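User: I would like a close look at one part of this model. Please keep it brisk, and place that part in its wider setting.

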Amino acid sequence: MPKRMRFTIWRPLATAAAGALLAAFLSPATAQADPRESRPVHSYENAIREAVWVDTGLDHDRDGRNDRVAVDIVRPREAAAQGRKVPVIMDASPYYSCCGRGNESQKKTYDASGNVVQMPLFYDNYFVPRGYAVVGVDLAGTNRSDGCVDVGGRSDILSAKAVVDWLNGRAKAYTTRTGTTKATAAWTNGRTGMIGKSWDGTIANGVAATGVEGLKTIVPISAISSWYDYYFQQGAPLYDSGPDWLSNYVDSPDARAKCGAVQQMLVDGAPRTGDWTPLWSERDYVKDARKVRASVFLIHGMQDLNVRMKHVGQWWDALATNGVERKIWLSQTGHVDPFDFRRAEWVDTLHRWFDHELLGYDNGIDREPMADIERHPDQWVTSKVWPPRGTDTTTLRPAKGTQAGVGTLGLRKGKGTETFTDDPQHSETDWAAHIDRPTPDKAGFVTKPLTRDLRLSGPSEVTVTATPTTSTAHLSAVLVDLGPDTIRDYATSGEGITTLTDRTCWGVSTTGDSACFRETKAKTADVDYTVVSRGWADLGNYASDLKGEPLTPGKAYTITLDLAATDHVVPAGHRLALIVAGTDKDLIDPPSTTPTLTLDLARTKARLPLVGGAQAFARATAGSVAAAPEATPLDGLTAPRTIHRIPEGGQ
């Protein structure tokens, strides 16, 4: 179980000077000895806008000089005039020029002097008037920065870390990209918070995992914790391309001309076999969670099929093991920013989080529940700790039913076998829709209708013993809540939201940078079932997650599939299903052969994180009777879209 959230509150010394410092962040009418909220008392229109180029200490593009990354800064002029130092909110991104940020794909714009006019998103509009500096870093190899994009490797992480070092007086920066005039960060106290969605949030995770001093908090949204798990899961390929494609997608024209060697390194280091290589070790932040000094406020969509929930479970557990201060929001959406699914609450919570972590205000956010969870569209519950106390890993066993491939799921060990044939044209939606009928492409196991609610909270595991007929085989394991519900439609382009035409404003606008953004609302669908959690593996990785090997047809192999973390309540009257099948269309790639697999049910099991453990499951299924098979297919969302996904900041 994760340790309870512990906050170390930064408090100024009880001196007259410190008291004046705190009071300066507030208007005279609201100044008090123990402030609880930063106020918008600084001019955004007159804020200082400047650019510096930070020396990363690397020459990744091999042009004979150290790479410099462009850093655009917006900070309050009043604080600078009074000699007051301010904290920093930093977003390091590869998307500021190629693709845009946020739901409206905003890009940086500049004035004739090269200073930023529009900084994407609302952070600068909202937080600069409240006494923060907002810093937008062009990741190495993108926009106005030198270097090469290496997709989560040393260049990505160390180029962003160098900015934190510069903010704390440990690195060099210059007023131009190639000049010799140095720039200092005397205007900041060095206390930095990193934020960002997707690749941006991934950089925050990676920089935190270096243990850099001065980074006080990170807010990773839909972020990657290990790049191997973005491209593969236990040897099964999740996409038909590797990090070289992604690097080329965001590289600046200058980087494309210089970074051929880095591109080739990405090709050579990430073979499509799915084997673990040193390239993946360099891009695994989970292994370095012990170095994290920053607190972590993590936000993720439980139906994110781009940066999948596996990234949450392994990162959260590693942070918990190392006693890192944590907070989490879990939505029903796909790859969506909280600004677009819970806007007012998000801005307020983020404001209080940064006030607490960067200004040291005792505003009580450390005493609030650790987790906010979206149980139904726009309906949220809280959990004091996450997963909640009383959550226990419970072993459920599949058993044969009265029809082939339509079995039961319970506490007693089953026996016998079930057989299915991989069909790469079918997905989890096809399997779930026909859960109560024999089909050749899956084996399904279902509980009796529940008499009480049953809550899953955390990651699951499914251990499978399977005998293939060919030398290659991929496996999928899926947990499904069978029963009617209204859920966010995460399978369509908005991934659970609809963007409207009306705008709301969050901060102060200027002619070149509006603080007003298009509103959204939940996009919902009525369904007969909900996919709760998923996991995949190449059966050839049975002996090791790090390396696969050919299978011997007719030989039984045992492998444990990791299923993504979730928090889901299966209501009374619904049923819980486990599906074991082959290729999950458009979520993993098929193997080179088309195997038939035979499951040994006595050696197959699911280990689920149930609140209340085995006793809760026994109570929820006591006195219930098996449901009659459905005569017609169940309705669900459309199948996952066939697209080339990238960890992008926009929709």
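Which residue in S28 is the bridge partner of Leu456?

Analyst: Leu610 of S28 is the bridge partner of Leu456. First, the ground rules. The model is predicted, so local features need pLDDT of at least 70 and side-chain atom pairs count only at pLDDT 80 or more, while totals for chains, interfaces and linings use all residues. Residues are numbered from 1 along each chain as its sequence is written, and side-chain values use heavy atoms, with hydrogens and water left out.

Now S28 itself. Strands here are DSSP runs of E with at least two residues, helices are runs of H or I with at least four, and both are numbered from the N terminus. Two strands pair if DSSP finds at least two bridges between them. Strand S20 (residues 454–468) meets S28 through 4 bridges, in the antiparallel sense. Strand S16 (residues 391–403) is also antiparallel to S28 (residues 605–611), with 6 bridges joining them. There, Leu396 has Ala606 of S28 as its bridge partner.

Next, the loop that leads into S16. Pro387 sits between S15 and S16. The peptide bond from Trp386 to Pro387 is cis, and its omega is near -10 degrees.

On the other side of that loop is S15, part of an open sheet. The sheet has 11 strands with mixed pairing, in the order S7-S1-S2-S6-S3-S8-S9-S12-S13-S14-S15. Strand S7 (173–174) and strand S15 (379–383) are its edges; each has a single partner strand, so one side of each lacks a neighbour in the sheet.

Within this sheet, strand S3 (residues 86–93) runs parallel to strand S8 (residues 188–197), over 4 bridges. Val88 faces Thr192 of S8. Helix H11 (residues 310–321) lies across strand S12 (295–301) and strand S13 (326–331), at about 160 degrees to S13. Such angles run from 0 to 180 degrees between N-to-C directions, with axes fitted to C-alpha atoms, for helices over the stretch in contact. Contact means heavy atoms within 4.5 Å.

Two loop residues deserve a check of their backbone. Ser198 lies between S8 and helix H5 (199–208). Its phi is near 65 degrees, positive in a residue other than glycine. Glu495 lies between strand S21 (474–488) and strand S22 (497–505). Glu495 is not a glycine either, yet has a positive phi of about 55 degrees.

Are they buried or exposed? Buried means under 20% relative accessible area, exposed over 50%, and partly exposed in between, with a 1.4 Å probe and protein chains only. Ser198 is at 0%, so it counts as buried. Glu495 is at 8%, so it counts as buried.
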